[in-house]
Amino acid sequence: MRLGTKFAIYLSLIIIVALSGYGYFHIHTRRDILVRKMKVEVGSIGRTLKVSLEKISLQREMEYVQDLIDAVEEYEATLGVIVYHQGRNLIFRSRSIDEGIEPYLELIEQSVREDRPLEEFGVYKKTPVFSYSFPLKDRRGKNIGGVSILQHTSFMEEDIRSAKWMIFAIILVLIGGTIG
C-alpha cells in the first residue's frame with residue numbers, strides 16, 4: 001500500500017469515529033430537547049384542562065366535560081384524554097380511546113394518592129405514547145379524581161430518525177471527499 005492510500009484510509013477512519021461520536025451526542029441531545037418540549041406542551045394542555053375541570057361539577061356538566069375532552073383530542077399530537085371522578089366512579093375519555101385504559105387509570109389513581117403530576121412513557125395499542133397524569137381538586141382543595149393526557153411520541157421519533165439519516169449522509173459525503 002502506498003503512503004497516500006494509507007493516509008486516506010486513516011483519515012477516513014478518524015472522520016468516521018469523530019462524526020459517529022458527534023452524531024451519537026447530537027441525537028441524544030436532540031432527543032432530550034424534544035422530550036422536554038413535549039413535556040412542556042402536555043403540561044400546558046394539562047394546566048388548561050385542570051383550570052376548566054376544577055371550576056365545574058363533573059357529574060352535572062358531563063356534556064361540557066366530553067366536549068372539552070374532544071376539543072383537546074383535535075390537536076394532532078394528542079392521542080386522547082381520560083378523566084376519572086373518584087366519588088361517582090365516572091370515566092370520561094376521548095373517542096379515540098376505547099379499551100385498554102386500565103394502566104392509565106392506575107396512573108391517575110397513583111397521581112391522586114401522591115397528590116402530584118406523574119409522567120410516563122408507555123404503549124397504547126402498539127402506539128408509543130407519553131402519559132401526563134394529574135389530580136383534580138374540588139373548591140375545598142380535596143382530591144376528586146384525575147386526568148391523564150396521552151400524547152403520540154411518533155412525531156418525536158420521526159424527528160430523531162431524520163437526524164440520524166442526516167448525520168449518516170454527512171459521514172458519507174466526508175468519506176467520499178477524503179477518498180476522492
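Lys 126 lies in the loop that joins strand 3 and strand 4. In this predicted model, the phi of Lys 126 is near 65°, a positive value in a residue other than glycine. Most residues other than glycine have a negative phi. Lys 126 counts as exposed, because its relative accessibility is 81% and the cut-off for exposed is over 50%. The points below cover confidence, backbone, core, helix 2, a pocket and some separations along the chain.

**Confidence of the prediction**

- The protein chain has a mean pLDDT of 82, and 94% of its residues reach 70 or more.
- Confidence is highest in helix 3, residues 102-114, with a mean of 90.
- Confidence is lowest in helix 4, residues 154-179, where the mean is 71.
- Where pLDDT is low, the predicted coordinates should not be read in detail.

**A further positive phi**

- Asp 115 has a positive phi of about 55°, although it is not a glycine.
- The position of Asp 115 is the loop between helix 3 and strand 3, the latter spanning residues 118-124.
- Asp 115 has a relative accessibility of 40%, so it counts as partly exposed.

**The largest nonpolar core**

- In soluble globular proteins, nonpolar side chains tend to be buried together.
- The largest nonpolar core here has 21 residues.
- Those with the most contacts inside this core are Leu 49, Leu 53, Val 81, Val 83, Leu 136, Val 147 and Ile 149.
- At least two residues of the core come from each of helix 1 (3-54), helix 2, strand 1 (78-85), strand 2 (90-93), strand 4 (127-137) and strand 5 (143-152).
- Helix 1 supplies the largest share of the core, five residues.

**Helix 2**

- Helix 2 covers residues 62-73 and has twelve residues.
- From its first C-alpha to its last, helix 2 reaches 17 Å, close to the 16 Å expected at 1.5 Å a residue.
- The buried residues of helix 2 include the nonpolar residues Val 65, Leu 68, Ile 69 and Val 72.
- Gln 66, Asp 70 and Glu 73 are also buried in helix 2, although Gln counts as polar and Asp and Glu count as charged.

**The second largest pocket**

- The second largest pocket has a volume of about 210 Å³.
- Its lining is made up of 13 residues.
- Ile 56, Ser 57, Arg 60, Asp 138 and Arg 139 are the lining residues that lie nearest the centre of this pocket.
- By class, the lining has four nonpolar, three polar and six charged residues.
- Ser 57, one of the residues named above, is found in the loop between helix 1 and helix 2.
- With a relative accessible area of 16%, Ser 57 falls under the 20% cut-off and is therefore buried.

**Separations between residues far along the chain**

- Ser 57 and Ser 96 are 39 residues apart along the chain, and their C-alpha atoms are separated by 24 Å.
- Phe 92 lies in strand 2 and counts as buried because its relative accessibility is 7%.
- The C-alpha atoms of Phe 92 and Val 147 are separated by 9.3 Å, with these positions 55 residues apart in chain numbering.
- Glu 157 is found in helix 4, the helix in which confidence is lowest.
- Glu 157 has a relative accessible area of 26%, so it is partly exposed.
- Glu 157 and Ile 69 are 88 residues apart along the chain, and 25 Å separates their C-alpha atoms.

Notes
Residues are numbered from 1 along each chain as its sequence is written. This is a predicted model: local features need pLDDT of at least 70, side-chain atom pairs count only at pLDDT 80 or more; totals for chains, interfaces and linings use all residues. Side-chain values use heavy atoms; hydrogens and water are left out. pLDDT is the predictor's confidence in each residue, from 0 to 100. Helices (H or I, at least four residues) and strands (E, at least two) are DSSP runs, numbered from the N terminus. On a 1 Å grid over the protein atoms alone, a cavity is a set of points where a 1.4 Å probe fits but cannot get out, and a pocket is an open set with protein on both sides within 12 Å along at least five of seven lines; lining residues have an atom within 4 Å of a point. Grid points are joined across faces, edges and corners, and a volume is the space filled by probe spheres set on the points. The expected span of a helix is 1.5 Å times one less than its number of residues. Buried means under 20% relative accessible area, exposed over 50%, partly exposed in between (1.4 Å probe, protein chains only). A nonpolar core is a set of buried Ala, Val, Leu, Ile, Met, Phe, Trp, Tyr and Cys residues joined through side-chain atoms within 4.5 Å.
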